[in-house]
Amino acid sequence: MQAPLFNASLVAPGPRNYVDSQLAGWLSTHAEALNNDASLSEELVPRLAGSGLFAIGVPVSQGGAGGDVRDAALAIAEVAEYSLSASFAFWGQRSFIEYLLQSPNQELAQRWLPRLIGGEHAGASGLSNAMKFLGGIESLQVAAQPVNEGWHLNGKLPWVTNLRKAGFVVAAAVARESGKAPMVVAFDSARSGVQRSADLDLIALRGSNTAAIDLDAVSLAPRDVLHEDASTYLPQVRPAFLAMQCGMSIGLARASLREALALSEARRGVLSERIREVQQELGQSVDLLLEGVLDRRFQTQAAPLFRLRIVLAELAQQAAGLELQARGGSAYMTPAGNTFLRRWNEAAFIPIVTPSLSQLQTELRRHAPAA
């Protein structure tokens with residue numbers, strides 16, 4: 001079945017199109033647990049897969065439900081309305097799927113896509129360091145040493161999400177010997193020398209299977225290479241990487257604004273007009289994001305995409321602030337059903353997920369035209 005393509009009616013909070021009722025009930029029931037601990041972390045990927053979410057935006061010819069990256073971004077946004085932890089894991093899995101779809105190595109895609117779409121295996125985007133490298137912010141943290149016809153990987157990825165303990169596969173950019181371009185590769189948790197750390201001690205999103213990875217002489221063959229030139233491949237996949245990441249901001253903002261508006265109108269508060277203004281601004285920003293993905297302008301114009309990522313993150317924070325004001329003193333109480341604190345902590349994460357807002361602002365300033 002083909003996933004619904006982008007529809008302007010999906011911009012504002014309204015009828016849901018991607019999350020079925022069974023998953024909606026599970027996420028609503030367990031959102032607090034997914035945020036506060038890792039008790040459900042192993043169950044999350046199979047649950048999302050069971051509702052067909054990883055097939056969204058994947059061509060039917062490659063085992064998907066059709067549609068495109070816009071559908072995937074909107075699906076991630078809808079999951080984020082329930083739980084940012086769940087949407088963060090969803091983003092990691094769907095990003096890796098996108099890397100396979102855009103890789104010239106279709107043997108690698110055929111090997112992994114069925115297991116990833118079906119939720120049998122977790123996929124993780126270890127390209128945060130690579131995106132910083134692309135912007136000149138830091139050097140690559142993994143190196144590939146030539147061995148026979150392949151390589152040995154050594155180094156560390158200090159922060160990777162969706163590292164499901166039952167099994168995961170990770171995309172990473174790796175430096176090569178002098179004179180050769182860095183490449184982007186895939187390695188899985190079954191390889192000798194791949195060591196997953198304990199879950200990082202986060203203040204929220206603790207059910208997202210976020211940990212570090214140490215690599216010690218991990219064997220890699222040409223069949224494991226996503227692309228031989230990171231400087232070509234990373235700009236190619238960056239629009240999808242960031243557009244789907246923006247889904248987290250969009251969904252969280254929608255949820256907080258919906259709560260804030262309901263509270264304000266019930267109490268005849270003065271915030272309703274401002275809340276509607278932010279909802280309208282959110283809708284306009286989502287339209288711009290989806291239009292840029294559709295016409296592929298972000299492939300050659302990264303700055304507008306960076307600005308949208310910043311704007312959407314700021315709107316998520318504004319939305320949380322408006323919910324705080326609408327709730328008033330009850331926001332500092334802990335009665336059953338008060339989900340505000342979770343969304344407040346989730347909103348604190350949005351500006352720092354790589355690429356962080358400060359990194360994007362630095363990049364925009366670096367490329368600003370001279371006065």
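These are my notes on the cavities, the pockets and helix α7 of a predicted model.

**Ground rules.** I number residues from 1 along each chain as its sequence is written, and side-chain values use heavy atoms, with hydrogens and water left out. As the model is predicted, local features need pLDDT of at least 70 and side-chain atom pairs count only at pLDDT 80 or more, while totals for chains, interfaces and linings use all residues.

**Cavities.** I looked for enclosed space on a 1 Å grid over the protein atoms alone, a cavity being a set of points where a 1.4 Å probe fits but cannot get out. I found two cavities of 30 Å³ or more. The largest holds about 120 Å³, volume being the space filled by probe spheres set on the points, which are joined across faces, edges and corners. Lining residues have an atom within 4 Å of a point; among them here are M131, K132, R238, F241 and E363. I sorted the lining into seven nonpolar, two polar and three charged residues (Ala, Val, Leu, Ile, Met, Phe, Trp, Tyr, Cys and Pro nonpolar; Asp, Glu, Lys and Arg charged; the others, Gly among them, polar). Helices α6 (128-134), α7 (230-266) and α11 (357-366) each supply at least two lining residues; helices (H or I, at least four residues) and strands (E, at least two) are DSSP runs numbered from the N terminus.

**Pockets.** A pocket is an open set with protein on both sides within 12 Å along at least five of seven lines. The largest has about 350 Å³ of space. I listed 17 lining residues, with D68, V69, E98, V293 and R296 nearest its centre. Two or more residues come from each of α3 (69-82), α4 (84-101), α7 and α8 (272-294).

The second largest pocket has about 300 Å³ and 19 lining residues, with S128, K132, W159, V160 and T354 nearest the centre. Strand β3 (150-160) is among the elements giving two or more residues, and with four, β3 gives the most.

**Helix α7.** I checked its length: 37 residues at 1.5 Å each should span 54 Å, and the end C-alpha atoms are 53 Å apart, which agrees (the expected span is 1.5 Å times one less than the number of residues). I noted a bend of about 40° at V237, with P239 following within four residues; the bend is the angle between axes fitted to the seven residues ending there and the seven starting there. Since 29 of the 37 residues are buried, α7 is largely enclosed by the rest of the structure (buried: under 20% relative accessible area, 1.4 Å probe, protein chains only). R268, with a positive phi near 55°, follows α7.

Key:
Buried means under 20% relative accessible area, exposed over 50%, partly exposed in between (1.4 Å probe, protein chains only).
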